[in-house]
Amino acid sequence: ALNLINKDTGLFGDVSDPYVIVKVGDIEQKTPTIDNNLNPEWTVDNYFTWQLRLEDTTLKLTVMNSNRMKDDLLGNVELDLRAMARDEWCRFKEKLRDGQGGELEFDVFFKPTDFHRMKFDYTSMLYLRVNGAQGLKNKDTGLFGDVSDPYVKVKVGQTEHRTPTIDNNLNPTWEEGNQFTFALASEDEKLELEVMNSNNFKDDSLGTLSIGFDRMQTEDWTRFQEKLVDGDGAEILVDAYLKPTSFRCRQNEAQQAKTREFDLGKTAAELAHQVQEAEYSVEWLADCDGQTGMPLSVEEKDWESACGGRNLVIPAWIIVTQTQVEALRRSQQLHPHPVSLFPDDAGGGAKGPVKAKIKIASAEGLVSALLGDQPNAFCVCEIPKKPQSQIRTPFVPSSPNPEWRHSRTLKEYAPGDSVIFNVYSLDSDALEQRGKSRRRDELLGTASLAGDRFYPEGFDGLLHLSLAGRSVGAVLRVTAFVQDTNSSS
């Protein structure tokens, strides 16, 4: 370690006596203590190993000062194992959080199992670095340099982190405790940041910022220097690195394409409006001598047409917009409603009934508490509170990655219905008795597909399985689409 804080007297060489606690999951290990040294080097009893569980993703190192009564904190650093290179030694030299400039140097070798690798490969990751802010609001007294004490909260989904607090600074720069890692769920769509002013009782907000993942480059760092909402002109500077799965990558590309399509459509509409105005002007000028009044704008002409052209007088102080024209036309379409005495023969009636088709293709990364990575997996899906809608695949014996390719029509489906998927493992002793009892089926994970995710556009992708609200690291591939029963199959 380098430049550690002195927590002892400082007299006659009496300085901090550091040691390091290294923790992964619930297991802690520590180095020996080196007396009176602010730049210690450990050469013995400094090599540690762990057997990792799926939930063990963070390596935490805490530097302490040894005392007779109570040890003092000299700083800490956290490392997300999912962000590391695999199967090779990596050297880190990191600033200690709350270490006042102290640094810690260490080496890590991470060798995940094949199952860990698959879980990581099927998890989208976001790496974030909060660099600084400029021009923050002052929420404190302003007397004798007493200004805002900022820190930044960063949040994705339900996961939240924060930077250290920097006292009395409206242009803070963070150099420690400012790097964060997020494992992204399928429903996560944006990064949320809020700059706060630390107080003894209640902290104040200095501004917020939301950044959609579709604005980030994939597999590369993207820098954002943007104004804070409600920040009175203040800006924040962050770097983000998005490492998506192939499915999320396609989602991002689709969202970016929709955004571009919307922007281009808006531009095209503006150009079409200008062309229409120019053509109308040319037409009016061609018979300038025969005109008896000022020319109407395109919107005024559309308003005249929507009103039926009946003795329309538009005062000069009224500005007619296209939004008003469209609102008038919609109201004419909605009121009154036509009533058909013979609905089957009426044109433009309601659409016919629809049906939903579900294909349960496969799953990956299933683990059974009873059978390990050899579950006898099958999947059951149904619409909540509609038991007749249930679809059940055959079971695939002794495989963590079963392929069912099971397609069926979902009975009793109505537009907007959600679908629940439950993946089970059949106990080996119950294989010959299947159907007589369900009590021995072990639930491996559950996932849901909201109705608006596959109607009317359809869905083809991965669903993350969870138990009791926590991800189990497995995924389910599903295809779902809805079609009119009157259309050809």
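Before the close-ups, one cut-off is handy: a residue is buried under 20% relative accessible area, exposed over 50%, and partly exposed in between. Please keep in mind throughout that this is a predicted model.

**View 1. Lys153 and Glu194 join two strands through a salt bridge.** Here the closest N and O atoms of the pair are 3.9 Å apart. Lys153 belongs to strand β8 (residues 150-156) and Glu194 to strand β11 (residues 190-197), so the bridge links distant parts of the chain, with the two positions 41 residues apart in numbering. Lys153 has a relative accessible area of 24%, which makes this lysine partly exposed. Its partner Glu194, at 22%, is partly exposed as well.

**View 2. Four charged residues share their salt bridges in one network.** Have a look at Asp26, Arg53, Glu55 and Asp56: salt bridges with shared partners connect these residues. For the wider setting, the model's count comes to 14 salt bridges.

**View 3. Arg91 pairs with Asp107 in a salt bridge.** The closest N and O atoms lie 2.7 Å apart. Arg91 sits in strand β5 (residues 89-95) and Asp107 in strand β6 (residues 103-109), 16 residues apart, and their pairing links distant parts of the chain. Is each partner buried, partly exposed or exposed? Arg91 is exposed, because its relative accessible area of 59% is over the 50% mark. Asp107, with 38%, is partly exposed.

**View 4. Glu103 meets Lys95 in another salt bridge.** The N to O distance for these side chains is 3.9 Å. Glu103 is buried, because its relative accessible area of 17% falls under 20%. Lys95 reaches 31% and counts as partly exposed.

**View 5. Helix α1 has four buried residues, a lysine among them.** The helix spans residues 114-121, and its buried residues are His116, Met118, Lys119 and Phe120. Which strands help to cover these residues? The cover includes β15 (354-364) and β22 (470-484).

**View 6. Residues 336-350 have a pLDDT below 50.** Across the whole protein chain the average pLDDT is 83, and 82% of the residues score at least 70. In the stretch 336-350, by contrast, the pLDDT stays below 50. Beyond near neighbours in sequence, this stretch has one contact in the model. Where pLDDT is low, the predicted coordinates should not be read in detail.

Terms used. Residues numbered from 1 in each chain as written. Predicted model: local features only at pLDDT ≥ 70, side-chain atom pairs only at ≥ 80, totals over all residues. Heavy atoms only, no water. Buried < 20%, exposed > 50% of the residue type's maximum accessible area, 1.4 Å probe, protein only. pLDDT = per-residue confidence, 0-100. Contact = heavy atoms within 4.5 Å.
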